[in-house]
Amino acid sequence: MDREMREIDDMDNTRAGDTGEGGEMKRMQPWRKDITLRGLVASVIIGIMYSVIVMKLSLTTGLIPNLNVSAALLAFVFIRTWTKLLHKAGFTTTPFTKQENTVIQTCAVACYTVGYAGGFGSFLLGLNKKTYEQSGIDTPGNVPGSYIEPGIGWMTGFLFVTSFVGLLALIPLRKIMIIDYKLTYPSGTATAVLINGFHTPKGDKTARKQVLGFAKFFTGSFLWAFFQWFYTGPGTCGFTYFPTFGLKAYTNSFYFDFSMTYVGAGMICSHLVNLSLLLGAILSYGVMWPLIGDLKGDWFPSKLPQSSMKSLNGYKVFISIALILGDGLYNFLKVAFIMSKNVYTTSKKNQQTSPDDNNKTQEDLQIDEVFMRDSIPFWVAATGYIALSIVSIIIIPLMFPQLKWYIVAVAYLIAPALSFCNAYGAGLTDMNMAYNYGKVALFVIASMSGQEHGVVAGLIGCGLIKLIVSMASDLMHDLKTGHLTMTSPKSMVVSEAIGTAIGCVVAPLSFFLFYKAFDVGNPDGEYKAPYALVYRNMAILGVEGFSALPQHCLQLCYGFFAFAVLANMVRDASPKKIANWIPLPMAMAVPFLVGAYFAIDMCVGSFVVFVWSKINKKKAEYMVPAVASGLICGDGLWILPASILALAGVKPPICMGFLPTKG
C-alpha cells in the first residue's frame, strides 16, 4: 500500500506540473481541479478548529502564533488519512497533490484569520457594556450609551461587508511584489517548503513521523484537558490555579497553569518572544504593580476599586499602551524606510539594466510561468473593489450611525496604499503590522468624530482599516506559498474567498461559544480579553487627550514609550548574537495586563525545544511543529465539549483549591 501511495504521488507530481526529464514542463491540470470536495471538507474542519483556538488566545492573551505551517500539516494529515481509509475500504481516490494541499491550507488560514483580524478580542469587544463600565462610567470621553452589545447578526454582517475588500486590494500587484521585487514572505515560504517536502518520496517518511507525533500529542493534550475538567468546580479551582511557586507568588500571577495551548504556542514562538513575555511579567507583576499598589491613597484614591481607570488598572492599561505604541511607531517607520530604500534601489537597477531572466534557473522560470498563467484581470479586481467599497460605504453608517459615510469612503480610498505598505513590509520582515495602521486610524477617527461619537466611530473605523490591511497581507503570504508550490493564483484567490466566507460565519459563532459559556471580560477570570480594554481606552485617549490618565501615569508612559523605541534601536544596531537577547517591547506589554502565568507556560515550551535541540537537533527541526500543533489542537478541541457542558449547566464535580496552613 505504501509503495502504491508513493507511485500515486509520483504520478500526481507529474500531472500537477512538475518537471519531467530534460526539464520540460508537463501539461498543467485546470485550476478548478485544485479545489475539491474533500479539500473543502478538510478546510472547514481545520478552519473551525483553529477558529476556536484563535478565539481562545484572543480572549486570554491576545498573542497569536503563526499557524500557517501547522494548518498545512493538518491538511496533509487529514487528506492522507482520508485516502488511506478509502483505499482500505476498496475505493479508488484521485491523487493528493501539493496544489490541493496548498489550497486547503489557504482556505483554512483564511477562515481562522477572520477570527483574530475581526477584532473579537479587541475593537469589536471593546464596544460591549462590560468594557464600557471597566473604562470608567465617570470618564468624560466614555459617554453614556457608547456601547453596543455583541450580536451574531450584526457581527456577521459587519464581517461580510468588510472582509472581502482586502482580498481585492493588492491582486493587481502580485507579480510586482512576488516576482519583480522578489519579496520573501518568510511564513509563506516556510509553508511552501513544508508542503513541497511532504509530496516527495523522501518527504513521505518524514511526514509519517510528523503525523504520528501529531496524533500522540493531540490525543494526550485532549485527554489531559478532559481530566483537568473534573477538578474545575466553581471559583478558582483546578490545575489552572496550581500555586507552583508558592501562594505568595500565586497572588501575583506567577504559577504554571498546565495549559497545553500556551506550551505549544511557546514551542512555535521564538525564544526572544517568550523571554520578553517573562521579562514583562517580572517587571510588571513582580515589581511595578506591588509598588504602585502600595501608593494607594497617595497616587490614587484608596476608595476606588482596583478595576477603575483612575486606580491601579489605569496604570496597567496605559503603560501597556505606551509600550505598544512605541514599538509600533518605531517598526512602522523602520519598515517604511526599508520599503522606500528597497523600491528606490530596485527602480534604479531596472533603469540601468534590463531585466535578465538568464540568471534564473529553468525551474525558477517554470515556477514564474505557472504563477502568471492564470492571471486575474486588473479590471475584475478594480471593479470588485469599487463595488464592495460602495456597498460598505452605504451599509456601515446604517449599522453604526456614529461613523459618517465620508469617513468610510476616505478609509477605502487610502486602504490600497496602506495595504501595499503593510504587505511590502511583511514580505521583507514577516511582520503584519495591520494593528498599527488600525491604531492610527482609531486615534484619527476618534478625534475627528467628537466626544459624543468618538469612541464607537474610532473602534469601528479601526476595524475597517485593520481588516482590509490584514487580509491583503495574508493573501500575499498565501500567494507566495502558491508561487513556490506551483499552484494557480486563481485557485488560491477562490479558496481564500471561500475560507473568508466560512470565517465570517464561524468566527462570530466561535466567539459566542465563549461569550455565553464563560465570563469573558472579567479581569480576574481566565478570559480577561485584555485588548478590548486597551482599544477602548485608546479611543477614549483620542477623544479626551491626556486627561484620561491617572496621576503620574503620563510620566511613566513617556518612560516606557522611550524604552520601546530605544530597545528596538539597540536591537537593530547590535550584532545578531546580542540582538537575539534584546527584549521585544510589544511582547513585554502583554503580561502587563494579563499576568505572568501564560508567560511561564510559553517559556516551558521554549525550554522543551532547547533541550530537544541539544539532544537531537535534526529531529527537533521537523518534529517541533507537529508536536506543538498536537498540543494546541488537542487542548483547543476540548473547548467545544467544555462549552457545551457549560451551556447545558453541567458543572465539574470537584473543586481542587489551595489554601495556606493555619497556625
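Is Trp638 buried or exposed in this model? Trp638 counts as buried, with a relative accessibility of 10%. I start there since Trp638 belongs to one of the contacts I want to go through. Before that, a caution: this is a predicted model.

Aromatic pairs, then. Over the whole structure, the search returns 42 aromatic pairs. One of them is Phe222 with Trp638, an edge-to-face arrangement with the ring centres 5.8 Å apart and 80° between the planes. This pair joins distant parts of the chain: Phe222 sits in helix 10, residues 201–229, and Trp638 in helix 25, residues 617–647, a separation of 416 residues. The two partners fall in separate accessibility classes. Phe222 is partly exposed, at 23% relative accessibility, while Trp638 is buried at 10%. Phe222 misses the buried class because that class requires under 20%.

There is also a cluster built from ring pairs. Its members are Trp224, Phe227, Tyr231, Phe239, Phe242, Phe256, Phe258 and Phe658. If you have the structure open, select those eight side chains by number.

Next, the disulfide. The search of the whole structure gives 1 disulfide. Cys237 and Cys655 form it, with 1.8 Å between the sulfur atoms. The link is left-handed, at -75° about the S-S bond. Again distant parts of the chain are joined: Cys237 is in the loop between helix 10 and helix 11, the latter being residues 247–251, and Cys655 is in the segment after helix 25, 418 residues apart. Cys237 is buried, at 3% relative accessibility. Cys655, on the other hand, is partly exposed, with a relative accessible area of 44%. So helix 10 and helix 25 hold the two rings of the pair I began with, and the disulfide joins the loop between helix 10 and helix 11 to the segment after helix 25.

Why does Cys269 not form a bond with Cys603? The closest cysteine sulfur to that of Cys269 is in Cys603, and at 11 Å it is too far for a bond. Cys269 itself is buried, at 16% relative accessibility. Cys462 is a similar story: the closest cysteine sulfur is in Cys504, 17 Å away, which is too far for a bond. Cys462 is buried as well, with a relative accessible area of 0%.

On to charged pairs. How many salt bridges does the search of the whole structure find? It finds 4, and I will take three of them in turn.

The pair of Lys56 and Asp635 has its closest N and O atoms 3.2 Å apart. Lys56 is in helix 2, residues 37–60, and Asp635 is in helix 25, so distant parts of the chain are linked across 579 residues. Both ends count as buried: Lys56 at 7% relative accessibility, Asp635 at 9%. Helix 25 therefore carries both Asp635 and, as noted, Trp638, since its run covers residues 617–647.

Then Lys130 and Asp519, whose side chains meet at 2.7 Å, N to O. Lys130 lies in helix 5, residues 129–134, and Asp519 in the loop between helix 19, residues 489–517, and helix 20, residues 530–544; 389 residues separate them. Lys130 is partly exposed, at 30% relative accessibility. Asp519 is partly exposed too, at 41%.

The third is Asp572 with Lys334, at 3.2 Å from N to O. Asp572 is in helix 21, residues 553–573, and Lys334 is in helix 14, residues 312–352, so the contact ties together parts 238 residues apart in sequence. Here Asp572 is partly exposed, with a relative accessible area of 37%, and Lys334 is partly exposed with 24%.

Last, one helix on its own. Helix 4 covers residues 98–117, which is 20 residues, and spans 27 Å from its first C-alpha to its last, close to the 28 Å expected at 1.5 Å a residue. Of its 20 residues, 19 are buried, so helix 4 is largely enclosed by the rest of the structure. Just after the helix comes Gly119, with a positive phi of about 80°.

To recap the long-range links: helix 10 to helix 25 through Phe222 and Trp638, helix 2 to helix 25 through Lys56 and Asp635, and the disulfide of Cys237 and Cys655, 418 residues apart.

How values were computed. Residues numbered from 1 in each chain as written. Predicted model: local features only at pLDDT ≥ 70, side-chain atom pairs only at ≥ 80, totals over all residues. Heavy atoms only, no water. Phe/Tyr/Trp six-rings, centres within 6.5 Å; stacked < 30°, edge-to-face > 60°. Helix = DSSP H or I, 4+ residues; strand = E, 2+ residues; numbered from the N terminus. Buried < 20%, exposed > 50% of the residue type's maximum accessible area, 1.4 Å probe, protein only. Disulfide = S-S within 2.5 Å. Expected span 1.5 Å × (residues − 1).
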